[in-house]
Amino acid sequence: MRRMSRTTYALLTLVLAVAFASAVAQAEGSSPIPTKRPVAPVLEGTVRGPDGRPVKGAFVVACAIDSRDPAETVRTDSEGRFRILINKPTPHTLRVQAKGLAPLTLEKVAAGQQFQIALAKGAAIEGTVRDGETGQPIAGARAEAREKAGTLFSPWEPLVGTSEATTDAKGRFRIQGLAPGLHVLSASGRGYSRATRDGVPSGGRADLVLLPGSSVKGTVRGPDGLPVVGAIVRAESDTPRPAGLGGRPEVTGADGAFEITGLREGAYQLVVWQRGFAPAVVRLPLVAAGGEARADV
């Protein structure tokens, strides 16, 4: 083998030294390979009306199937878009409803896809509300139509599956934006108990009669003493009653205040729920017929 010259040996040593130094410098200055962060599952899409235009303010609810977790809710923006971050990448039921339009429910939807939702024009139920003792029409009563089957996510979602209207000076109401099928129709007002009619079809008519009833009002506050906005308040009777006679859940306003009407005489407890707070239960004194109870939570 031919002996390497001193000059060649020196050059080769220099090249190897430079290469080694360069490799060390790159290793010291390099950052670790970035790892992908888990992406939160999302349900998102756009809601449009029968005319193809975006629907602003549509109420969108997502509820995990076979889960007791609270439903996630959001309203669409000015472009009809919605985006809901969900806790689990499991199948969900997606519910969309907007005033005057028939609601739509999608079963077993999965995250990661864009939903293009088109709402159709809804049907209506109309009728009258009268005083059961005098026969006179009741103005300002609240008439409510709740879908009979398949859309009740939770007793803590009072808006889901429900449409309502207020009676005029002649006690007339017209509830619009209903899906096809049967509904539970009810009406209540201050000073009256709740009347209910079961199995009223979309496009049908029903007249309701109200008898004297009671109500409860109050304010919900947090541990800091400040009003809690958007808390759900339910009045649960100690005595089992037909559906609709316990007073529908109410949502506290900007001042934390609530009022539940349509109660019959009896013993009740208030159950209050708001995300981020421990639930509260307050026992009411006996609610007298025609009276008004007070409860601050």
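The secondary structure of this protein consists of one helix and 21 strands, where helices (H or I, at least four residues) and strands (E, at least two) are DSSP runs numbered from the N terminus. The model is a predicted one, in which local features need pLDDT of at least 70 and side-chain atom pairs count only at pLDDT 80 or more, while totals for chains, interfaces and linings use all residues. Residues are numbered from 1 along each chain as its sequence is written, and side-chain values use heavy atoms, with hydrogens and water left out.

A few overall values help to set the scene. Of the 297 residues in the protein, 39% are buried; buried means under 20% relative accessible area, exposed over 50%, and partly exposed in between (1.4 Å probe, protein chains only). The accessible surface of the protein is about 17200 Å², and carbon and sulfur atoms hold 55% of that surface. Such areas come from the Shrake-Rupley method with a 1.4 Å probe, and for residues only the protein chains shown count as cover. Among contacts (heavy atoms within 4.5 Å) with a separation of 6 or more, 60% are between residues 24 or more positions apart.

Next comes a pocket. The second largest pocket has a volume of about 490 Å³. Two elements of strand structure on its lining are strand 5 (92-97) and strand 9 (142-147), and strand 10 (162-166) and strand 11 (172-178) likewise give two or more residues to it. Strand 11 provides the largest share of this lining, with four residues. In total, 25 residues line the second largest pocket, and A98, K99, T162, S163 and E164 lie nearest its centre. By type, the lining divides into nine nonpolar, nine polar and seven charged residues. Here Ala, Val, Leu, Ile, Met, Phe, Trp, Tyr, Cys and Pro count as nonpolar, Asp, Glu, Lys and Arg as charged, and the others, Gly among them, as polar. A pocket is found on a 1 Å grid over the protein atoms alone, as an open set of points where a 1.4 Å probe fits, with protein on both sides within 12 Å along at least five of seven lines; lining residues have an atom within 4 Å of a point. Grid points are joined across faces, edges and corners, and a volume is the space filled by probe spheres set on the points.

Several single residues can now be visited in turn. P41 sits in the loop between helix 1 (6-29) and strand 1 (42-48). P41 counts as buried because its relative accessible area is 18%. Not counting residues up to four places away in sequence, P41 touches I84, L85, I86, K88, P89 and A111. One of these partners, P89, is 48 residues away along the chain, yet the C-alpha atoms of P41 and P89 are separated by 5.7 Å.

K108 belongs to strand 6 (residues 104-109). K108 is not a glycine, but it has a positive phi of about 55°. With a relative accessibility of 67%, K108 is exposed.

S186 lies in strand 12 (residues 182-188) and is buried, at 4% relative accessibility. The side chains of S186 and R194 are joined by a polar contact of 3.1 Å. A polar contact is a pair of N or O atoms within 3.5 Å; within protein, one must be able to donate a hydrogen and the other to accept it, and residues adjacent in sequence count only if both atoms are side-chain atoms. Apart from neighbours within four places in sequence, the contacts of S186 are R142, A143, E144, R194, A195, T196 and L208.

P227 is placed in the loop between strand 15 (214-219) and strand 16 (232-237). At 34% relative accessibility, P227 is partly exposed. Its contacts, leaving aside neighbours within four places in sequence, are V220, R221, A254, D255 and G256. The C-alpha atoms of P227 and D255 are 5.7 Å apart, with their positions 28 residues apart along the chain.

S237 is in strand 16 and is partly exposed, at 23% relative accessibility. Beyond neighbours within four places in sequence, S237 is in contact with A267 and Y268.

L286 completes the tour, in the loop between strand 20 (280-283) and strand 21 (292-294). L286 counts as exposed because its relative accessible area is 61%. L286 touches G266 and A267, not counting residues up to four places away in sequence.
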